[in-house]
Amino acid sequence: MTAPPDPYPENPFRINVSESQISQLQQKLALTVLPSELDDAGWAYGSPLPDIQRLVTRWKDGYSWKKYEAELNDELPQFMRDITVDGFGTLAIHYVHKRSQIPNAVPLLFVHGWPGSFIEVRKILPLLIETSAEHPSFHVVALSLPGFGFSDGPTKKGFNVARYAEVANKLMLSLGYQEYVTQGGDWGYYVTRAMAVEHGGKHLKAWHTNYPRSASAIHPLRSPLKYLNHLVKPYTVSEQAALDRTAQFAKNGRGYIEIQCTQPQTLGFGLSDSPVGLLAWIYEKLQTWSDTNTYKWSDDEVLTWVSIYWFSRAGPAASLRIYYEATRSGDRDITTATWEVKVPTGVSFFPKEFHLPPRRFLAFGNLVSVAEHTEEEGGGHFAAYEKPNLLVGDLRKMFGKTGGAFGAVTGKNGYN
């Protein structure tokens with residue numbers, strides 16, 4: 001008897017960067033001209049010269065992309081799917097997809113940000129699909145956002161956050177997940193929040209973020225009651241440390257945002273032509289946005305992250321444009337975090353995140369789960385990669401039998 005056809009067939013994909021691409025990279029690295037540096041500059045002026053010298057030497061003489069390409073292919077079941085986007089034609093979307101052995105596992109979409117990629121799901125994937133009587137299990141999907149990794153990039157202007165959300169929702173529906181939950185940080189926060197606004201209740205049933213945001217929390221005109229709260233209620237030691245870190249980032253860390261929101265193409269020439277320029281640009285963020293007290297990046301980890309951008313289908317410049325489009329789209333202003341979300345929401349605070357509002361100022365309408373991790377536990381902007389056990393633990397609590405989002409997806413509670 002012939003088995004019935006799969007109603008949601010998938011097109012398997014394996015990363016296979018050509019030898020000519022690798023050879024071109026090696027040629028460019030061999031011709032590298034590095035800038036001078038002031039004495040005792042450290043991190044004050046950006047990526048330190050000694051660090052970049054070391055990484056370039058490793059990239060040129062010791063690092064093997066093919067080794068890590070094979071590891072990614074072996075660990076992550078990858079696929080391609082054509083997704084039609086309103087007004088933008090059809091894009092080939094790269095994604096990771098692995099189902100739990102539990103049929104009624106919770107379908108979960110993981111969405112990365114910049115300068116991340118699908119690789120951020122690498123450490124949490126095996127934890128999320130684990131089966132246990134003690135915690136829920138998940139079917140996991142992690143896409144490469146359009147213009148990132150091995151997905152096509154849009155070729156028309158105006159591809160804003162709503163369009164990224166459209167792609168992600170259509171991908172989940174095309175896989176047969178009519179109801180699902182999401183997790184994301186950085187741009188993954190904005191994309192999944194947009195999904196919760198547009199598709200919340202019908203398709204997206206709950207969402208979680210490790211990128212807490214506040215809606216003009218302490219602005220005296222926009223939020224006078226919260227501003228009064230800010231003036232009269234003392235902050236805890238951890239809250240004050242988070243506010244200080246947020247203020248420091250606003251003062252010294254926003255240069256990349258201003259460039260990528262205003263002249264992404266100009267920057268794109270440098271990042272697309274110079275692998276060392278791309279390396280220095282991304283390396284700075286990996287180091288300064290992470291909790292390097294509790295997580296130490298290996299050189300090969302850094303080079304693999306950067307190589308994914310260098311070998312990406314649309315090229316390194318494509319990933320920058322989300323900043324420009326998101327802030328000039330004419331849609332809702334996503335940067336104010338004022339979109340109303342009614343589905344169950346979970347938030348994780350990691351101490352070295354660069355934007356950490358006090359919990360009292362969180363701008364979420366249906367907050368059912370809050371996890372605040374200590375300095376000793378650690379964790380920064382790339383929580384899924386730095387602290388996978390902590391992040392997955394937060395998701396298990398939120399969607400577990402005593403969690404605020406238990407049973408959010410109809411008939412899919414994650415347990416046998």
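Leaving aside its neighbours within four places in sequence, which residues is D186 in contact with? In this predicted model, D186 is in contact with G113, W114, Y211, W289, Y323 and H381. Two of these partners, Y323 and H381, are listed together with D186 under "active site" in an unreviewed UniProt entry. The points below begin with these residues and then turn to the cavities, a pocket, and several other buried positions.

**The residues listed as "active site"**

- The UniProt record, an unreviewed entry, gives D186, Y323 and H381 for "active site"; such an annotation may be inferred rather than shown by experiment.
- D186 is placed in the loop between β6 and α6, where α6 covers residues 187-199.
- The relative accessible area of D186 is 8%, and D186 is therefore buried, since buried means under 20%.
- The side chain of D186 reaches the backbone nitrogen of W114 at 2.9 Å, and W114 is also among the contacts of D186.
- H381 lies in the loop between β9 (367-372) and α14.
- With a relative accessible area of 5%, H381 is buried as well.
- Apart from residues up to four places away in sequence, H381 touches D186, N210, Y211, W289, K352, E353, F354 and E386.
- One of these partners, E353, makes a polar contact of 2.6 Å with H381, from side chain to side chain.
- Y211 and W289 appear among the contacts of D186, and Y211 and W289 also appear among the contacts of H381.

**The cavities**

- The model has three cavities of 30 Å³ or more.
- The largest cavity holds about 90 Å³ of space, and 15 residues line this cavity.
- Of these lining residues, E120, G185, D186, N210 and H381 are the closest to the centre of the largest cavity.
- From the "active site" set, the lining of the largest cavity takes in D186 and H381.
- β4 (106-111), β6 (180-184) and α14 (383-386) each contribute at least two residues to the lining of the largest cavity.
- Sorted by class, this lining consists of six nonpolar, seven polar and two charged residues.

**The second largest pocket**

- The volume of the second largest pocket is about 460 Å³.
- This pocket is lined by 18 residues, and those closest to its centre are F249, N252, G253, E284 and T288.
- Three helices each give two or more residues to the lining of this pocket: α8 (237-252), α9 (255-262) and α11 (275-288).
- The lining of the second largest pocket is made up of eight nonpolar, six polar and four charged residues.

**The N-terminal region**

- An unreviewed UniProt entry lists residues 11-121 as "domain: Epoxide hydrolase N-terminal".
- Within residues 11-121, 32% of the chain is helix and 24% is strand.
- The C-alpha atoms at the two ends of this stretch are 20 Å apart.

**Strand β7 and the loop that follows**

- H208 belongs to strand β7, which covers residues 204-209.
- The relative accessibility of H208 is 1%, so H208 counts as buried.
- A polar contact of 3.0 Å links the side chain of H208 to the side chain of S348.
- Not counting neighbours within four places in sequence, H208 is in contact with T182, Q183, G184, G346, V347, S348, L391, D394, L395 and M398.
- P212 is found in the loop between β7 and α7 (224-232).
- P212 is buried, and its relative accessible area is 0%.
- The contacts of P212, beyond residues up to four places away in sequence, are V347, S348, F349, H355, L356, P357 and L362.
- V347 and S348 are thus partners of P212 and also of H208, under the definition of contact as heavy atoms within 4.5 Å.
- P212 and G185 are 27 residues apart along the chain, and their C-alpha atoms are separated by 8.6 Å.

**A buried serine in helix α12**

- S307 is part of helix α12, which spans residues 299-310.
- S307 is buried, with 1% relative accessible area.
- Leaving out residues up to four places away in sequence, S307 touches W59, Y63 and W65.

Methods: Residues are numbered from 1 along each chain as its sequence is written. This is a predicted model: local features need pLDDT of at least 70, side-chain atom pairs count only at pLDDT 80 or more; totals for chains, interfaces and linings use all residues. Side-chain values use heavy atoms; hydrogens and water are left out. On a 1 Å grid over the protein atoms alone, a cavity is a set of points where a 1.4 Å probe fits but cannot get out, and a pocket is an open set with protein on both sides within 12 Å along at least five of seven lines; lining residues have an atom within 4 Å of a point. Grid points are joined across faces, edges and corners, and a volume is the space filled by probe spheres set on the points. Helices (H or I, at least four residues) and strands (E, at least two) are DSSP runs, numbered from the N terminus. Ala, Val, Leu, Ile, Met, Phe, Trp, Tyr, Cys and Pro count as nonpolar, Asp, Glu, Lys and Arg as charged, and the others, Gly among them, as polar. Buried means under 20% relative accessible area, exposed over 50%, partly exposed in between (1.4 Å probe, protein chains only). A polar contact is a pair of N or O atoms within 3.5 Å; within protein, one must be able to donate a hydrogen and the other to accept it, and residues adjacent in sequence count only if both atoms are side-chain atoms.
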